[in-house]
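Me: I'm new to reading protein models. Could you walk me through this one, feature by feature?

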Amino acid sequence: MIPDHSALSPQQLVQGLNWRYAVKKFDPTQKISPEVWKSLEAALVLTPSSFGLQPWRFYVITNPDIKNKLVPVSWNQKQVAEGSHVVVFAIRKNLAEVDVDRFLGRTAEVQKVPLESLGKYKKVLLRFLAQPSDKFNVNEWAARQVYIALGNFMTAAALLGVDTCPMEGLEPSKYDEILGLEKEGYATSVVCVAGFRASEDKYATLPKVRYATEDVIKNI
């Protein structure tokens, strides 16, 4: 089934992206509805990744006690406590053959093909992961994949009228400790708070500072 893209005009897309900004103060009384959040979850799940490997997990925090614990290890940025949902974008650490097998098992299940038919693809994936460590860092590669998910999530949120604030100002190891990521084989890479801007956030009305289109886009 071909999706109907007519519901969103090019102008509406640009308007949504202009409306978006990195929120400095959220309204803690406003929460994202379950219906809208389900769509944002889908945006995370449907994010593309290199080879389709999806070397990530997204930890979603709505518990006020846990959010408050995260504030001191987030450079005391209050958005973590004030926002509706906090999404921790975590990489799958040290991706290995077991992860490839898991992915191929899921591929066989979803596409309804024999697992044996994916043997050649498995060899490709294992060769990729087995590159010399002085030329390839699998965790750095995974972190780059996670940022694709971050961008996808923020764009989807903007189009749904949900505010976001991406955050690198945090202590990843402390996040891992508080959330128990280490024992699950994951590590915090970046965080994004989602919710609704407070009316007194002065940054909401500041014009965006971007280079002119001709300075950043070159048609060849």
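**A guided first look**

Reply: Gladly! Let's begin with one residue: L159 lies in helix 7, which covers residues 138–159. Keep in mind that this is a predicted model.

Me: What is L159 part of at the surface, together with L8, L13, V14 and L17?

Reply: These five residues make a nonpolar surface patch of about 370 Å². Helix 1, residues 10–19, gives the largest share of that patch, with 3 residues.

Me: Let me step back. How many helices and strands are there in the protein, and in what order do the elements run?

Reply: The protein has 9 helices and 4 strands. Starting at the N terminus, the order is α-α-β-α-α-β-α-α-α-β-α-β-α. Taken along the principal axes, the C-alpha atoms fill a box of roughly 60 × 45 × 35 Å.

Me: Now for empty space. How do I read a pocket, and what is the volume of the largest pocket?

Reply: The general idea is that rolling a probe the size of a water molecule over the atoms shows where empty space is left. Here, the largest pocket has a volume of about 720 Å³. It is lined by 24 residues, and those closest to its centre are V45, Q54, W56, R102 and R106.

Me: Which element gives the most to the lining of the largest pocket?

Reply: That is helix 5, with 7 residues. Helix 2 (34–45), strand 1 (56–61) and helix 5 (97–111) each supply at least two residues of the lining. By type, the lining divides into 12 nonpolar, 6 polar and 6 charged residues.

Me: And salt bridges? How many does the structure hold?

Reply: In general, side chains of opposite charge can pair when their charged atoms come close. This structure holds 8 salt bridges. In one of them, E184 pairs with R57, and their closest N and O atoms are 3.2 Å apart. E184 lies in the loop between helix 8 and strand 4 while R57 is in strand 1, so this pair ties together parts 127 residues apart in sequence.

Me: Where does G185 lie, and which residues is G185 in contact with, leaving aside its neighbours within four places in sequence?

Reply: G185 lies in the loop between helix 8 (172–179) and strand 4 (186–195). Beyond those sequence neighbours, G185 is in contact with I91, R92 and K93. As for V146, which is 39 residues from G185 along the chain, the C-alpha atoms of the two are separated by 15 Å.

Methods
Residues numbered from 1 in each chain as written. Predicted model: local features only at pLDDT ≥ 70, side-chain atom pairs only at ≥ 80, totals over all residues. Heavy atoms only, no water. Contact = heavy atoms within 4.5 Å. 1 Å grid on protein atoms, 1.4 Å probe; cavity = no way out; pocket = protein on both sides within 12 Å on 5 of 7 lines; lining within 4 Å. Points joined across faces, edges and corners; volume = space filled by probe spheres on them. Nonpolar A, V, L, I, M, F, W, Y, C, P; charged D, E, K, R; others polar. Patch = residues over 30% accessible without salt bridge, like charges linked within 9 Å, V, L, I, M, F, W, Y side chains within 5 Å. Areas by Shrake-Rupley, 256 points an atom, 1.4 Å probe, with all protein chains shown as cover. Salt bridge = Lys/Arg side-chain N within 4 Å of Asp/Glu carboxyl O.
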